[in-house]
Amino acid sequence: MPVFSHSYLREYLRDRLTDIHVAADIASEVANNLVEASLKGHDSHGVSMLPRYVAAIAEGDLHPAARGVKTADFGALLAFDGQQGFGQVVGREVMTQGIERVRETGVAVISLANSHHLGRIGAWAEQAADAGLVSLHFANVNNSRPNVLPWQGVAARLGTNPFCAGIPVEGSQPIILDFATSTIAGNKARIAWNVGKALPPGCAVDNEGQPTTDPRWLMTSPFGALLAFGEHKGAGLSLVCSLLGAALTGGKTERQLEPGKRIVNSMLSILIDPQRLGGASSYQAEIPELLKWVKSSASDNQILLPGEKARQAYQQRWQHGIEVDEVSWQQLAELQKLSVL
């Protein structure tokens, strides 16, 4: 696979967006977010997403100049509509306002409806952790079709609906737990399809509900489906992510289907100032001791805590470059031909 430096990809993605008249500051923010996701090993949410964004703009499903609009303000509770703007922009704006509100109230509950693709949800947990805040995030995914089976179901009804939690660690990197409630993220099936790689066993079924490792069942009709992780547990959490992330925020749940290239995310975020709870005096002292104790479960202390694998990938890819699969790079290269939509 071709390998590119992060700096080259930042510039390339930014230029492809400005080619189609996306404002330079927005183009830079989107490009940086996608490259950061790739640097952290999340290729499914990284630079390969740009062609789909451009297609969504062309279809009118992604509004590149849109910003988040505040629709309600009740002190510690804030509501926003993302107007199908870039999630990279809307997400950061909304989190920034939530962080500011926590300074006043100690906690903020933020609803964000109808953003375009929010990308790697861990980015918003990292933003909160950088501000010293604990955060929880429940997001749903509304595409042209649901692609995850509910527990005991035979037809897809749910999205890959991510859950994320971020916990700051004084003097160290935060704990960032960020995962799709499906066995794998939907876009990881796309990457596997691009490179001709099988899916791990137990991730997907074909259109007749039979187990499969072939990613084609997620990519071409007739479609199969992904499974939720942990059987009823993951499926239940996926449903909760839709109920809280979309229904509660006023966003679109998975049953509200529309054709097209759009990826609409809605998200409920809870931000907490840990200094205003019962463990304020001992919280930061206990964290490193607990983490050390957990790591001691293995004699070599090589247990990976949430967020550490991404940081390892970041160091390696920052130094040696980011691999982009051939299909994704061809799609990215095609964008250079688009000077006007």
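**Exercise 1.** At what angle do the axes of helix 2 and helix 4 cross, and within what distance do they come? Classify the pair in this predicted model.

*Solution.* Step 1: take the two descriptors. Packed helices are described by the angle between their axes and the distance between the axes.
Step 2: read them off. Helix 2 (residues 24-39) and helix 4 (residues 87-105) have axes that cross at roughly 90° and come within 8 Å.
Step 3: classify. Angles of 65 to 115 degrees count as roughly perpendicular, and helix 2 and helix 4 are therefore roughly perpendicular to each other.
Step 4: list the contact residues. Helix 2 contributes Ile26, Glu29, Val30, Asn33 and Leu34, and helix 4 contributes Gln88, Val89 and Arg92.

**Exercise 2.** Check the length of helix 9 against the expected span, and state where its buried residues lie around the axis.

*Solution.* Step 1: compare the spans. Helix 9 (residues 283-295) has 13 residues, which should span 18 Å at 1.5 Å a residue; the end C-alpha atoms are 19 Å apart, which agrees.
Step 2: find the buried residues, meaning those under 20% relative accessible area. In helix 9, Tyr283, Gln284, Ile287 and Lys295 are buried.
Step 3: place them. These residues cover an arc of only 100° around the axis, so they are on the same side of helix 9.
Step 4: look at the face turned away from that side. Ala285, Lys292 and Trp293 are exposed there.
Step 5: identify the cover. Among the elements covering the buried residues of helix 9 are strand 5 (134-142), strand 6 (162-167) and helix 10 (308-320).

**Exercise 3.** Describe the sheet of 7 strands and the helix 8 packing on it.

*Solution.* Step 1: give the order. The strands run 2-3-4-11-5-6-7 in an open sheet with mixed pairing.
Step 2: find the edges. Strand 2 (69-74) and strand 7 (175-180) each have a single partner strand, so one side of each is left without a neighbour in the sheet.
Step 3: give the turn. On average, neighbouring strands are turned by 10° against each other, direction ignored.
Step 4: examine one pair. Strand 6 and strand 7 run antiparallel and are joined by 6 bridges; alanine 165 stands opposite leucine 177 in strand 7.
Step 5: add the helix. Helix 8 (residues 232-247) packs on the sheet and touches strand 4 (107-116), strand 5, strand 6, strand 7 and strand 11 (264-272). The directions of helix 8 and strand 5 make about 95°.

Key. Residues numbered from 1 in each chain as written. Predicted model: local features only at pLDDT ≥ 70, side-chain atom pairs only at ≥ 80, totals over all residues. Heavy atoms only, no water. Helix = DSSP H or I, 4+ residues; strand = E, 2+ residues; numbered from the N terminus. Expected span 1.5 Å × (residues − 1). Buried < 20%, exposed > 50% of the residue type's maximum accessible area, 1.4 Å probe, protein only. Arc of directions from axis to C-beta. Contact = heavy atoms within 4.5 Å. Pairing = 2+ DSSP bridges. Axes fitted to C-alpha atoms, helices over the stretch in contact; angles between N-to-C directions. Parallel < 35°, antiparallel > 145°, perpendicular 65-115°, else oblique.
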